[in-house]
Amino acid sequence: MNIDLHCHSTVSDGTLAPAEVVALAAQRGVEILALTDHDDTAGLDAARCAAVSAGIDFIAGVEISAGWRGQSVHIVGVHIDPADAQLARELASIRVGRLRRAERIAAALEAVGIRDALAGAQRFAQHASLIGRAHFARYLAEQGYAADSHAVFQRYLVPGKLGYVAHEWAQVGDAVRWIRAAGGVPILAHPGRYPFGTAVMHELLQCFKQAGGAALEVLTSAHDAGDVRRFAALAREYGLLASHGSDFHDPNHEPFGPGSIGALPPECAPVWHDWPAAQRLAEHAASAH
Ligand code: AMP
Ligand code: MN
Ligand code: MN
Ligand code: MN
């Protein structure tokens, strides 16, 4: 089964419009797709329409920016109701925070001689308020401050570098509860990316589970084989299901498009195990044999 539960569009920091993400996913054989833009659900209607024409099962999603021990931690929610009033309100408030943070990033860059970075970054953002480090990275790369946006991140935008500013994101437990209250399934995104030691990772998993967290993203483009084994084992230990998402952003800078990046380890219980769309696919695959 080709399932992707984590993808970005121009609504947040991806470079393809929602319908283009769906078209590329369809071309790559994706059968079940969630669009999960950072802190915004504005792409879901267009993506759903495109998915209907492409014959893909579409899932409404979001990736909420949260904080844990001073680091940002992302909670993907799938099967959310984007019209849920609390979720919509909280996402709007995170977007206001993003804009405030962007002003502070621009001030930090200004202090090292990089002028007009806010306006520059906003040229790469579709919505003024859904502005993130990736938009700054694209602007700084365009201006020649580094070879490409990945190099800009390493030089300016990661913790410890001059253009990085700390920010108060949502609480992990709150993000999980908003997703649950909106009918969604909370998934801890790319756990292998967080710079936590074992004890802090366990505390994060306990908090996530206790708040109603459902799954760990075991397979994602940021994970190597060791991460996959480690988080498959942690998912079992915590009674969490396993998810699978490419975290696709940009066809020009990523080896993975939307779609399958391999299979979950066999010991994993997939988060989609009881979803009707996945069951239909499984039955279809079985009857084809
Ligand atoms: P933000 O939510 O604005 O802090 O930005 C986080 C986003 O920046 C992630 O979702 C990625 O798209 C991107 N990102 C984070 N770290 C890196 C990195 N080291 N290199 C390239 N992109 C990154
Ligand atoms: Mn991103
Ligand atoms: Mn993320
Ligand atoms: Mn993501």
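Select the manganese ion (ligand 3) and the manganese ion (ligand 2) together, and you will find them 5.5 Å apart. This is a predicted model, in which local features need pLDDT of at least 70 and side-chain atom pairs count only at pLDDT 80 or more, while totals for chains, interfaces and linings use all residues. Residues are numbered from 1 along each chain as its sequence is written, chains are lettered from A and ligands numbered from 1 in the order in which they are written, and side-chain values use heavy atoms, with hydrogens and water left out.

Stay with the manganese ion (ligand 3) and show its protein donors, a term that covers N, O and S atoms within 2.8 Å of the metal (3.2 Å for Na, K and Ca), with water not among the atoms, so sites may look incomplete. Here the donors are Glu-63 (OE), His-74 (ND1) and His-190 (NE2), at 2.1 to 2.2 Å from the ion, and along the chain they follow the spacing E-x10-H-x115-H. Colour by secondary structure next, where helices (H or I, at least four residues) and strands (E, at least two) are DSSP runs numbered from the N terminus. Glu-63 then appears in strand β3 (residues 57-68) and His-190 in the loop between β6 (185-188) and α8 (198-211), so that this pair links parts of the chain 127 residues apart. Glu-63 is buried at 0% relative accessibility, and His-190 is buried at 2%; buried means under 20% relative accessible area, exposed over 50% and partly exposed in between, with a 1.4 Å probe and protein chains only.

Now move to the manganese ion (ligand 4), which lies 4.7 Å from the manganese ion (ligand 2). Its coordinating residues are His-6 (NE2), His-8 (NE2), Glu-63 (OE) and Asp-247 (OD), at 2.0 to 2.2 Å. Among these, His-6 sits in the loop between β1 (3-4) and α1 (18-27), and Asp-247 in the loop between β8 (241-245) and α10 (276-287), 241 residues apart. His-6 has a relative accessible area of 0% and is buried, and Asp-247 also counts as buried, at 8%.

From His-6, select Ser-246, which is found in the loop between β8 and α10 and is buried at 1% relative accessibility. A polar atom of the Ser-246 side chain lies 3.3 Å from the backbone oxygen of His-6; a polar contact is a pair of N or O atoms within 3.5 Å, and within protein one must be able to donate a hydrogen and the other to accept it, while residues adjacent in sequence count only if both atoms are side-chain atoms.

For the last stop, select ligand 1 and display the residues around it, among them Asp-13, His-38, Gly-132, His-150, Phe-153, Gln-154, Arg-193 and His-249. A residue is near a molecule or strand if one of its heavy atoms lies within 4 Å of it. Three arginines repay a closer look: oxygen atoms of ligand 1 are 2.9 Å from a side-chain N or O atom of Arg-98, 2.6 Å from one of Arg-101 and 2.8 Å from a polar side-chain atom of Arg-133. The protein covers 85% of the 500 Å² of accessible area that ligand 1 has on its own. Finally, highlight α3 (85-111) and α6 (149-157), each of which supplies at least two residues of the shell around ligand 1, with the largest share, three residues, coming from α6.

How values were computed
Accessible areas come from the Shrake-Rupley method with a 1.4 Å probe; for residues, only the protein chains shown count as cover.
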